[in-house]
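I opened this entry to keep track of what I looked up, element by element. The notes follow the order in which I went through the structure.

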Amino acid sequence: MAEAADSQAPPGPGVRYGTSGSTGGESTATAGGPAGAPAPPGRRRVRLPAPAARRRWRRRAATVLLAALPVLAGSALPAGAAAQPSRASGAAPHAAPAAGQSLAHQARQASAQQAAAHPQLRTAGTGSRSVEVSLNQVTPSVPADGDTLTLSGTLTNTSRTAVGRARLDVRSGPKLDSRSAIEQAGARKGYLSGADGTAVARKYSREIGGIAPGVTRPFSIKVPVSALHLDADGVHQIAVSLTGRARGRGYDQVLGIGRTFVPRQQGSPGQKTKFTYLWPLMSTPHLTARTEPDDQQTPVFQDESLIDELKPGGRLQEMVELGKDLPVTWVLDPDLIATADMMSRRYRVAREDGGTTAGKGQEYARQWLDELEKAVQGKEVVALPFADPDLASLAHRGKDVPGALSSLGSATALGRKAIEVALHTKPSTDFAWPYEGAVDPSIVDVATSAGARNIIARSDSIRDSRLPYTPTSARPIGGGTTALVADARLSKEFEGDMTRAGTASLAVQEFVSQSLSLARQMPTRQRSVVVAPQRRPTTSQAQAMAAGIRAVHGSNWAEAQRLSDAADARPDPGADRRVPGAAHYPAALRRTELPKAAFEQVRDTKDTLDDFKVILSRADRVVPPFGNAIDREISNTWRGDVKGAVTFRDAVQKDLLDLKRKVRLIKKSDITLSGREATIPVTVQNNLFQRVDGLELELSSSRIGLDVGDAQQVKVDGGHSQSIKFDTTAKNNGRAIVYAQLYTADHKPYGEVMKFRVNVTSITSTVLIVIAVGVLLMVLAGVRMYTQRKRRGPPPDPDALLEPGPDDGDGSADDGKSGGAGPRDEDGPHDEDGTGKPGPASQEQQPQQDEKSDEKQGGKKDENRGEKEDTAEQEKQEQRQEPEKEKGPDEDRRASSDAATDGGSAAGRAGTDTGRQTDSPLGTGEKVER
């Protein structure tokens with residue numbers, strides 16, 4: 001114990017001050033004697049002068065506080081040491097340690113934490129902690145009469161000064177009559193007089209030479225069991241102490257001590273206690289959700305770390321090797337068995353760049369599966385739900401997320417099938433194992449929903465404070481469900497660092513001693529006790545567990561039984577059958593649960609998988625690998641590994657989305673629609689290696705005036721693309737945004753929305769009417785122009801010279817005053833002789849002059865006339881198209897010529913050419929207006 005206790009404890013029986021064989025505690029200064037001298041009887045102890053005394057007591061007080069933390073947590077010393085003032089007292093002999101942890105386990109954890117936080121403590125030991133005595137091996141674990149007990153270990157000088165010649169003694173301590181007394185003794189550090197017994201005969205001691213600081217030396221002591229005086233049955237404390245003289249001290253003292261326990265039972269204690277040992281085989285997830293696109297669907301592993309566990313000397317290989325000869329019930333995670341089965345064949349390993357490389361662990365996986373199959377033959381095998389789901393997290397955080405509990409039933413069925421296929425044995429699936437055996441009503445409900453009828457709990461969750469003994473594990477808790485309450489002390493005995501031989505040896509001896517103490521509580525009643533260790537023990541922990549199980553199994557107070565038999569055992573009438581409420585669930589465990597956000601992400605991944613599988617022609621190539629990966633996301637393996645859990649969930653979700661995006665819409669550029677009706681093509685690409693069906697492609701427009709048609713079915717073969725055309729109708733012009741979206745059969749959106757711009761240039765009916773009317777008017781105008789042009793004939797040549805007629809008469813050259821009484825209408829009749837009476841020629845010309853614009857008809861009437869008449873008529877028309885203006889003398893002559901031409905034409909029709917010029921009305925010299 002602590003140095004203060006060493007100094008204050010009275011000397012043990014038969015021990016004297018000042019002798020070389022002194023085994024008493026450290027001495028303090030006495031009145032009248034020097035500091036550090038032995039204290040003779042009757043002398044009064046006094047305080048050292050200040051400030052040296054204050055410094056010394058401060059150091060001792062600090063040492064006491066650091067060493068006594070696990071003891072002060074709620075334990076008490078055995079009866080022989082209860083009166084010591086430096087120890088906590090008043091605790092009930094059967095009081096359970098805080099949070100259900102054994103004192104030995106607490107002490108080991110405290111020691112490790114102290115060493116990590118204060119490294120100087122290990123190198124600055126003082127008093128009875130100057131030398132660390134480690135008992136690494138105790139053989140036999142359960143000695144019988146006539147046996148020789150061998151105690152082997154090491155001595156390590158942890159002080160700053162060298163240790164001179166010293167002696168190793170074997171001490172036989174008091175008998176420990178209770179399970180709590182064993183815990184307290186195992187947790188105690190340092191030497192405590194009276195509690196650590198007396199040294200056996202000197203002939204069994206060993207002289208040890210000097211030990212320099214930091215030096216470790218091995219030792220081995222053999223002592224007959226008879227020399228230990230283990231007369232009574234039960235658990236006895238045995239210790240090895242190093243007694244010597246430290247430099248600067250003038251007396252011998254205990255420099256270090258190491259303890260262990262020796263159980264002794266002569267004959268049968270009565271009814272043997274039945275023990276059920278669970279032997280778990282579990283690991284972390286190693287498979288990804290990805291598979292290769294070949295026919296075999298080659299799996300892709302995260303890495304090759306599983307090889308380290310499966311190869312000879314690895315953790316899982318060692319557990320199979322140890323468990324094959326033990327009377328245990330195998331508790332298997334089917335995910336581990338299925339993963340090893342996949343590794344035994346062709347597989348790939350993911351690379352950081354996204355590619356894969358060939359795996360190399362086939363031989364290790366095949367060998368491990370063969371050994372496991374042989375090891376479980378004839379043994380009970382329990383298959384947990386696939387991937388060992390975290391029932392407590394599901395009950396506390398997942399219940400608020402819809403669908404979180406829906407996969408438990410399928411995980412149980414899948415676990416059974418995986419074990420049967422890989423190991424060719426039929427497992428039991430009637431058992432649920434919540435994390436650390438902690439339960440509350442909600443956890444029980446979740447466990448039974450998975451099909452379990454038996455729930456493996458632990459005694460630090462379902463307590464039995466009213467009973468003075470450990471009852472049978474089986475407890476009916478209602479609804480046809482049985483709780484198998486594993487013993488917390490035995491189940492947690494091998495936690496912590498078992499790589500140090502001394503720690504592992506002490507754990508083994510304490511495990512065996514606890515089993516004997518449990519059996520001796522009620523020797524007349526046979527009980528059934530379950531031992532449920534940690535889920536993933538290390539190699540050193542597994543080796544210590546195996547040693548403890550072998551020792552108990554070889555004793556005369558215990559026998560092994562199957563887990564199913566333990567579930568059927570008759571429960572103790574006085575055992576507590578109440579499941580603790582949610583408020584009693586350990587806060588430390590609640591902090592390590594999966595958060596609600598994790599279950600929401602799992603739900604999103606499930607929904608994505610459900611939407612994806614309905615479009616696949618070979619959904620069996622996608623659903624199993626991703627469904628198994630989703631089960632791994634809620635595994636117990638993520639307790640305490642928040643970062644690893646998030647990374648795994650994100651990777652599964654990313655792999656599924658990458659696979660889903662291989663069926664997508666090809667990005668479309670902006671298009672222009674011309675005309676009232678047009679076609680919009682949209683391309684669907686399928687980069688999967690299987691056909692997709694059951695999708696609908698739907699277009700929608702941001703403008704009302706653009707009708708993009710109805711949704712169309714999509715069917716695309718693997719590795720191909722399909723262009724789907726939509727007939728559109730435009731009612732107005734303008735720009736519109738068109739959205740293309742794929743939907744599943746139940747009209748759930750699939751993939752992302754693709755949008756593109758459409759420029760509509762369609763022509764409305766009103767515009768068409770206006771254009772038609774305009775075209776019609778233009779046609780009519782053209783016809784009219786053509787008709788007029790046709791009537792007028794070819795236009796006159798403006799450069800042509802006008803020639804006068806051969807006989808213009810007297811009045812042809814005057815100013816128009818002779819030959820008539822006034823102006824005449826060019827269309828009026830005129831005579832031949834100037835008398836005003838129309839002659840024959842003028843009568844023939846009169847119909848033509850009445851309608852001067854109707855030259856075309858006149859031309860038709862003269863069609864059959866001679867060539868001469870046609871020529872004259874053409875000249876007449878050309879002269880009439882000249883612009884009207886004031887006629888001078890030249891113009892009068894030109895008009896006279898025209899009149900002569902007209903007269904000639906008329907005379908020609910009458911059969912004579914006479915009178916052509918004289919008959920012309922222009923001969924009067926008057927101005928003719930057109």
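**Sheet β1-β2-β6**

I began with strand β2 (residues 148–157), which pairs with β6 in the antiparallel sense over nine bridges. The model I am reading is a predicted one. For a register point I took L149, and its opposite number in β6 is V223.

I then looked up the sheet around this pair. It is an open sheet of three strands in the order β1-β2-β6, and the pairing is antiparallel. β1 (131–139) and β6 (216–224) are the edge strands, each pairing on one side only. From one strand to the next the twist averages 25 degrees.

At the end of β1 I checked the backbone. The peptide bond from T139 to P140 is cis, with omega near -10 degrees. I place P140 in the loop between β1 and β2.

**A backbone check at A387**

I noted one residue for its phi value. A387 has phi near 75 degrees, which is positive in a residue other than glycine. The loop that holds A387 runs between β15 (381–383) and α10 (391–396).

**Helices α18, α19 and α20**

Next I went through three helices, pair by pair. I recorded an angle and a distance for each, since two packed helices are described by the angle between their axes and the distance between the axes.

I took α18 (residues 596–613) with α20 (residues 642–660) to start. Their axes come within 10 Å and cross at roughly 20 degrees. Angles under 35 degrees count as roughly parallel, and α18 and α20 are therefore roughly parallel to each other. I logged the crossing of α18 and α20 as left-handed. On the α18 side the contact is made by A598, Q601, V602, D604, T605, T608, L609, D611 and F612, and on the α20 side by R649, D650, V652, Q653, L656, L657, L659 and K660. By class, the residues of this contact divide into eight nonpolar, four polar and five charged.

I then turned to α18 with α19 (residues 623–632). The axes of α18 and α19 come within 11 Å and cross at roughly 170 degrees. That makes α18 roughly antiparallel to α19. V602, T605, K606, L609 and K613 of α18 make the contact with V623, F626, G627 and I630 of α19. I sorted the residues of the contact of α18 with α19 into five nonpolar, two polar and two charged.

I closed the set with α19 and α20. These two pack at an angle of about 160 degrees, with their axes 10 Å apart. α19 and α20 are therefore roughly antiparallel to each other. The crossing in which α19 passes α20 is left-handed. I list F626, A629 and R632 from α19, and F648, V652, D655, L656 and L659 from α20, as the residues in contact. The contact of α19 with α20 has six nonpolar residues, no polar ones and two charged ones.

I noted some residues that recur in these lists. V602, T605 and L609 of α18 appear in the contact with α20 and again in the contact with α19. F626 of α19 is listed against α18 and against α20. V652, L656 and L659 of α20 are in the contact with α18 and in the contact with α19.

**Salt bridges**

Searching the whole structure, I have 33 salt bridges on record. I looked at one of them, where the side chains of D610 and K613 meet at 3.6 Å, N to O. D610 and K613 are separated by about one helical turn because they are three residues apart in helix α18. K613 is also among the α18 residues that meet α19.

**Sheet β22-β24-β28-β26**

My last item was an open sheet of four strands, in the order β22-β24-β28-β26, with antiparallel pairing. Its edge strands are β22 and β26 (706–707), each pairing on one side only.

I walked across the sheet from β22. Three bridges join β22 (residues 663–665) to β24 (residues 677–686), and the two run antiparallel. L665 has V684 in β24 as its bridge partner. β24 pairs in turn with β28 (residues 720–730) in the antiparallel sense over ten bridges. There V684 stands opposite Q722 in β28.

At the other edge, β26 and β28 pair in the antiparallel sense over two bridges. Which residue of β28 stands opposite L706? I found A730 in that position.

Technical notes: Residues are numbered from 1 along each chain as its sequence is written. This is a predicted model: local features need pLDDT of at least 70, side-chain atom pairs count only at pLDDT 80 or more; totals for chains, interfaces and linings use all residues. Side-chain values use heavy atoms; hydrogens and water are left out. Axes are lines fitted to C-alpha atoms, for helices over the stretch in contact, and angles run from 0 to 180 degrees between N-to-C directions. Angles under 35 degrees count as roughly parallel, over 145 as roughly antiparallel, 65 to 115 as roughly perpendicular and the rest as oblique. A crossing is left-handed if the near helix is turned anticlockwise from the far one by less than a right angle, and right-handed if clockwise. Contact means heavy atoms within 4.5 Å. Ala, Val, Leu, Ile, Met, Phe, Trp, Tyr, Cys and Pro count as nonpolar, Asp, Glu, Lys and Arg as charged, and the others, Gly among them, as polar. Two strands pair if DSSP finds at least two bridges between them. A salt bridge is a side-chain nitrogen of Lys or Arg within 4 Å of a carboxyl oxygen of Asp or Glu.
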